[in-house]
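Trainee: Please pick one part of this model and look at it closely. Then place it in the rest of the chain.

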Amino acid sequence: MPVVAEPGTGRSEQLPRNARLYFLLVVGATAAATLPFMARLQDTNHWVAFFILGTAAATAQLFRVQTPRDQAYHTAIVFVIAAAFLLPPELVALMGIVQHIPEWLKIRYRWYLQTFNICMYVLASMAVWFLAHQIMGWGAISDRTLRVAVAGLVCSVVFVAINHTVLALMLHFATKTTLQTRP
């Protein structure tokens, strides 16, 4: 969903000051969550799984469901959550980038819009990676299959909650809309 009007619509084509500050906060949080893991990229042996999941996520990202209220829904999160379960954090962090590049090339969003989208997905996927590994290590649930099911359910809800919250705040700052749900 575009945060700023397209050229020629008569509306401002720049983010308001509060939205720019929030953008910088989200970018900074993403860097803080991912940079500690980037040094481990050369040591991973999960590149085949990353390639498969990254390709699937990037392809799914191109096929969005557009609603009449100008909202877009993507099915790529299925592959992002799977990556959070199967890949090390350094590759989970790269999923958000790989997932969005084909869409960016196809739609040509402004750099700050797609950068924000990438950061939003990376933040959510890193949180899910951490949460999934915490739940999988729980001793309270002895059945591994049940632990995976609980982790999958909790991580799906958390991913969507983080994604929607981060986006809702940006829309609030960028368009001065309220944070209430529309009927």
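**One helix pair up close**

Mentor: The crossing of α4 and α5 is right-handed (the near helix is turned clockwise from the far one by less than a right angle; anticlockwise would be left-handed). This is a predicted model, in which local features need pLDDT of at least 70 and side-chain atom pairs 80 or more, while totals for chains, interfaces and linings use all residues. Residues are numbered from 1 along each chain as its sequence is written, and side-chain values use heavy atoms, with hydrogens and water left out.

Now the geometry. Helix α4 (residues 89-107) packs on α5 at about 150°, with the axes 9 Å apart. Axes are lines fitted to C-alpha atoms, for helices over the stretch in contact, and angles run from 0 to 180 degrees between N-to-C directions. The angle therefore makes α4 roughly antiparallel to α5 (over 145 degrees; under 35 is roughly parallel, 65 to 115 roughly perpendicular, the rest oblique).

Who touches whom? From α4 come P89, V92, A93, G96, I97, Q99, H100, E103 and W104; from α5 come W111, Q114, T115, N117, I118, Y121, V122, S125, M126 and W129. Contact means heavy atoms within 4.5 Å. These residues divide into eleven nonpolar, seven polar and one charged (Ala, Val, Leu, Ile, Met, Phe, Trp, Tyr, Cys and Pro are nonpolar; Asp, Glu, Lys and Arg charged; the others, Gly among them, polar).

Take α5 alone. It spans residues 111-136, 26 in number, and reaches 37 Å between its first and last C-alpha, close to the expected 38 Å (1.5 Å times one less than its number of residues). Of those 26 residues, 19 are buried (under 20% relative accessible area; exposed is over 50%, partly exposed in between; 1.4 Å probe, protein chains only).

V122 has another partner. T30, in helix α1 (residues 17-38), touches C119, V122 and L123, leaving aside residues up to four places away in sequence. T30 is buried, at 7% relative accessible area.

Elsewhere, helix α3 (residues 77-86) and helix α6 (residues 144-175) cross at roughly 125°, their axes coming within 11 Å. That makes α3 oblique to α6. This crossing is right-handed.

Finally, the whole chain. It holds six helices and two strands (DSSP runs numbered from the N terminus: helices H or I, at least four residues; strands E, at least two). The order is α-α-β-β-α-α-α-α. Of 183 residues, 38% count as buried. Among contacts between residues at least 6 apart in sequence, 70% join residues at least 24 apart.
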